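Student: I should like to understand how the terms used for a protein model are justified. May we go through some of them together?

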Amino acid sequence: MLVYILFVVGFIFLIKGADLLVEGASSIGKKFNVSSIVIGLTIVSFGTSLPELLVNLIASYKDTPDIGVGNVLGSNIANILLILGISALINPLPITKNTYFIEVPFSLTATLLVGFLANASLFGKSNDYVISQYDGVILLFFFVLFMGYVYIVSKQKKSEFSTEEFKEMALGKSIGLIALGMVGLFFGGQWVVDGAIELARGFGMSEAFIGLTIIAIGTSLPELVTSAVAAFKKDTDIAVGNVVGSNIFNLLWILGLSAAIKPIPYDVISNSDVFMIIASSTALILAVVVGKRPVISRWEGFFFLIAYFWYITFLIERG
């Protein structure tokens, strides 16, 4: 029973730990006159990816790779179908030109790249399916390219990160927040992975199923809350871009770094989840084509939610 309690508490520690670390690191950045846009594109972007990253690294260390791969693939599917679906029901979501001409196709390319590297065994000596350390380096290379694109866009457009977002605090307090955040992330990641393993054993579910559903949704909670609140406030201009950007981070940064540290065994059954990400991204592009203007309407958001619940049903039947 204690393991299940810590499983729930672990999510809270993960989310709050990332928040504290970002707050402390952002304060130090402001103290040393780092611009808001640089803080936003580095500390904040990486910080919000820490829950998924910690879960993946700990899952890999405990030799439960299905949890890590399921976490990444499940988070990407939840980001598009669940988060954008709920947000669009609250308020229609405009899609910027950069998002559907560059970022969504880049996300699609990243998905295809992961699927290809996992199935091709380019650098392996056997026919085993694995995302090798060399594959991880390739994914990280494409991630660096994406960050270069983000930096160029940030110089061309007005920063979406206001200076007021990042408050400067005393150096000691900032370091204390960073330390607390790291402790929260460490223990939160441990408890979530241990709880997932116990859930899988106790209820006869696969570790991949736990990763694709419970952990994926849990680590996507910050994006869900942020997007839903933004939609409610009608501040929807960057909502879609943020979700697509998060998907690219998951595939190239988190999966790439995890594989570069330790090769990740890949179950061929995960190809159906990769296909689901491709289908979801394609639906996002079609949302632009259908209708008079580039926007995810309420009825398209409803369709996204129906598709997500169908996918969960499919996972249950798949076992």
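**Terms and their grounds**

Tutor: Let us begin with two helices of this predicted model. In H4, the residues Asn 79, Ile 83, Ile 86, Ser 87 and Ile 90 meet Glu 223, Leu 224, Ser 227, Ala 228, Ala 231 and Phe 232 of H9. By class, this contact of H4 with H9 has 7 nonpolar, 3 polar and 1 charged residues.

Student: Why is H4 called roughly parallel to H9?

Tutor: The axes of H4 (residues 65–90) and H9 (residues 221–232) come within 8 Å and cross at roughly 20°. Angles under 35 degrees count as roughly parallel, so H4 is roughly parallel to H9. The crossing of H4 and H9 is right-handed.

Student: How do you know whether Ile 248 is buried or exposed?

Tutor: Ile 248 is found in helix H10, residues 239–261. Its relative accessibility is 0%. Buried means under 20%, and therefore Ile 248 counts as buried.

Student: Which residues does Ile 248 touch, not counting those up to four places away in sequence?

Tutor: Ile 248 touches Glu 103, Phe 106, Ser 107, Phe 146 and Trp 253. Contact here means heavy atoms within 4.5 Å.

Student: What makes Ile 215 stand out in the largest nonpolar core?

Tutor: That core has 84 residues, and Ile 215 and Ile 296 are those with the most contacts inside it. H4 gives the most to this core, with 12 residues. Leaving aside neighbours within four places in sequence, the contacts of Ile 215 include Phe 7, Phe 11, Val 55 and Ile 67.

Methods: Residues are numbered from 1 along each chain as its sequence is written. This is a predicted model: local features need pLDDT of at least 70, side-chain atom pairs count only at pLDDT 80 or more; totals for chains, interfaces and linings use all residues. Side-chain values use heavy atoms; hydrogens and water are left out. Helices (H or I, at least four residues) and strands (E, at least two) are DSSP runs, numbered from the N terminus. Buried means under 20% relative accessible area, exposed over 50%, partly exposed in between (1.4 Å probe, protein chains only). Axes are lines fitted to C-alpha atoms, for helices over the stretch in contact, and angles run from 0 to 180 degrees between N-to-C directions. Angles under 35 degrees count as roughly parallel, over 145 as roughly antiparallel, 65 to 115 as roughly perpendicular and the rest as oblique. A crossing is left-handed if the near helix is turned anticlockwise from the far one by less than a right angle, and right-handed if clockwise. Ala, Val, Leu, Ile, Met, Phe, Trp, Tyr, Cys and Pro count as nonpolar, Asp, Glu, Lys and Arg as charged, and the others, Gly among them, as polar. A nonpolar core is a set of buried Ala, Val, Leu, Ile, Met, Phe, Trp, Tyr and Cys residues joined through side-chain atoms within 4.5 Å.
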